[in-house]
Amino acid sequence: MMQWMIYGANGYTGTLIAEQAVARGLQPILAGRNQAAIEALGERLELPVRVVDLADQAALHQALAEVDLVLHCAGPFELTAEPMIEACLATRTHYLDITGELAVFEYAHQQHQRAQAAGIVLCPGVGFDVIPTDCLAARLQQQLPDATHLTLGFDSASRMSRGTAKTSVRRLGEGGAIRQQGEIKMVPLAYKTRDIDFGGGSKLAMTIPWGDVATAFYSTGIGNVEVFIPASPNLVKRLKRLNRWRWLLRLNWVKNWLAKKIDTQPAGPDQQQLEQAHTYVWGEATNRAGDRVELKLTVMNGYKLTSLGALDVAQQVLMQAPEGGYYTPSKLLGPELVDRYLVTS
C-alpha cells in the first residue's frame, strides 16, 4: 500500500485537504513543524502524524523515506518549496503543492531533468492556483493552435486565507509580472487595465502576477501571457501610486508588520462562503491574424476546489505513477480535469 503525506496539514487549506481525505476514506500522514497543532489535528481526524521542520534536512529525508508522495501545503512557498523539492529529489518522492507563486513554478520547471532521473513527478499548483486557469489555457490553445497571446482571469468574492494574504503582501514589493515573447517580465503593480466580463457582467480589471504567467507557457507554448482580476478604480489608483514606494514593501520589518496584521483576521472563508462563493474563470486567445477565441467557466470556491483538486491529483499520481518530470495540472491530468469542479447552477 502506497503511503503519502500532507505537509503543513495544520494550516487553513491543509486542514481542509486532510478533512476531505478522511471523507474519502484515505489515510495520509499529517506533518508539519507545529507539534501541538499537528498532534491535535491527527487526534481529531484519527490520522498518523510526523513532526518535522524543513530546516532539519536529515529529519525531513527520514520522514519522506516513509512515503511515496508529499502534498506540500506550508507557505510561503518561496521559502518552503525549494527545501521540500530538494528533499523529494533526494528521496525519490513525488512532489505536489498548492502554490501560486511564480518563482516556485519556475524553480520546479528548472528541475525537470533531475525529476526525470529520479523518476518523480514535480507538479506545483494542484489547487485553485492554477487548475482552473491552466485547464482553460490548454483548451484555448486547442481551439486556436496558432495563438500568440493568451489572456486569463478570474472573479471571486471569497475571502482570502491568512496564508494567501501573507503571500500576497510579501510579493507586493516585487510588483506585477507578465510573460512576453516567452520570458517573464517584471512590471509595475496594476500594469494594465481593461474591462472584462468574467461571467457576471463587465468589470474593470487589472493585471496580477498569477501563477499562469509561469505555467500557461509550459502548458500551451504561447509566449505572451497576462492574468487579470477585477479591481475598483480607486484600488488601481492606489496601487499605481504605491509603485514608487515598493522598495519599502521589500523590507523584512514591513513584511513582518503586515503579516502580524493579517494574523488578526479570520483564518479563511467560512463554511457558507466555501459552499456559495463561486468563481468565474475567463480566458481569451488571439493569433497574428487577429482571430480570437474566448471561454468562460464557473467553478466552486477556490479553497474548496483546492481541497478536492489536490486530492484528485495526489490519488492519480499514486495510482498511475506517471513518468518523472515537471508537470502542470493540465499536462498531468488533461484539460478536462477542471470539469470536476464546475458549477452549473
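**Reading a predicted model: why these labels?**

Q: What makes Ala190 buried or exposed in this predicted model?
A: Ala190 has a relative accessible area of 2%. Buried means under 20%, so Ala190 is buried.

Q: Where is Ala190 found, and what is its phi?
A: Ala190 is found in the loop between strand S9 (183-187) and strand S10 (193-197). Its phi is positive, at about 50°, although Ala190 is not a glycine.

Q: Glu46 also has a positive phi; what makes Glu46 buried or exposed?
A: The phi of Glu46 is about 60°, and this residue is not a glycine either. Glu46 is found in the loop between helix H2 (35-45) and strand S3 (49-51). Its relative accessibility is 67%, and exposed means over 50%, so Glu46 counts as exposed.

Q: Why is H3 called oblique to H4?
A: Happily, two values set the scene, because two packed helices are described by the angle between their axes and the distance between the axes. Helix H3 (residues 57-64) and helix H4 (residues 77-91) pack at about 55°, and their axes are 9 Å apart. Angles under 35 degrees count as roughly parallel, and 65 to 115 as roughly perpendicular. The angle of about 55° belongs to neither group, so H3 is oblique to H4. The crossing of H3 past H4 is right-handed.

Q: Which residues make that contact, and how do they divide into nonpolar, polar and charged?
A: From H3 come Gln57, Leu60, His61 and Leu64, while H4 brings Pro83, Met84, Ala87, Cys88, Ala90 and Thr91. The residues of this contact are seven nonpolar, three polar and no charged.

Q: What makes H1 oblique to H14?
A: Helix H1 (residues 12-23) packs against helix H14 (residues 302-320) at an angle of about 55°, with the axes 9 Å apart. The reasoning runs through the cut-offs again: roughly parallel is under 35 degrees, and roughly perpendicular is 65 to 115. About 55° fits neither, so H1 is oblique to H14. H1 passes H14 in a right-handed crossing.

Q: Which residues meet between H1 and H14, and how do they divide?
A: On the H1 side the contact has Tyr12, Thr13, Leu16, Ile17, Gln20 and Ala21. On the H14 side are Tyr303, Thr306, Ser307, Leu308, Ala310 and Leu311. They divide into eight nonpolar, four polar and no charged.

Q: How many disulfides does the model have, and how do you know that Cys88 is in none?
A: The count is zero disulfides. For Cys88, the nearest cysteine sulfur is that of Cys73, 12 Å away. A disulfide needs a pair of cysteine sulfur atoms within 2.5 Å, so Cys88 is in no disulfide.

Q: How does Cys123 fare against that cut-off?
A: The nearest cysteine sulfur to Cys123 is that of Cys135, 10 Å away. The cut-off is 2.5 Å, so Cys123 is in no disulfide.

Q: Are Cys88 and Cys123 buried or exposed, and why?
A: Cys88 has a relative accessible area of 0%, and Cys123 has 0%. Buried means under 20%, so Cys88 is buried, and so is Cys123.

Q: Why is Ser330 called buried or exposed, and where is Ser330 found?
A: Ser330 is found in helix H15 (residues 329-333). Its relative accessible area is 6%; the limit for buried is under 20%, so Ser330 is buried. Leaving aside neighbours within four places in sequence, Ser330 is in contact with Asp134, Cys135, Ala138, Ser219 and Pro335.

Q: What makes Leu69 buried or exposed, and what is in contact with Leu69?
A: Leu69 lies in strand S4. With 0% relative accessibility against a limit of under 20%, Leu69 counts as buried. Beyond its neighbours within four places in sequence, its contacts include Gln3, Trp4, Met5, Thr93 and His94, and also Ala314, Val317 and Leu318. The C-alpha atoms of Leu69 and Trp4 are separated by 4.7 Å, although the two are 65 residues apart along the chain.

Q: Which omega values go with the cis peptide bonds at Pro76 and Val130?
A: From Gly75 to Pro76 the bond is cis, with omega near 0°. Pro76 has its place in the loop between strand S4 (69-72) and H4. From Asp129 to Val130 the bond is cis, with omega near 15°. Val130 is found in the loop between strand S6 (121-123) and helix H7 (131-143).

Terms used
Residues are numbered from 1 along each chain as its sequence is written. This is a predicted model: local features need pLDDT of at least 70, side-chain atom pairs count only at pLDDT 80 or more; totals for chains, interfaces and linings use all residues. Side-chain values use heavy atoms; hydrogens and water are left out. Axes are lines fitted to C-alpha atoms, for helices over the stretch in contact, and angles run from 0 to 180 degrees between N-to-C directions. Helices (H or I, at least four residues) and strands (E, at least two) are DSSP runs, numbered from the N terminus. Angles under 35 degrees count as roughly parallel, over 145 as roughly antiparallel, 65 to 115 as roughly perpendicular and the rest as oblique. A crossing is left-handed if the near helix is turned anticlockwise from the far one by less than a right angle, and right-handed if clockwise. Contact means heavy atoms within 4.5 Å. Ala, Val, Leu, Ile, Met, Phe, Trp, Tyr, Cys and Pro count as nonpolar, Asp, Glu, Lys and Arg as charged, and the others, Gly among them, as polar. Buried means under 20% relative accessible area, exposed over 50%, partly exposed in between (1.4 Å probe, protein chains only).
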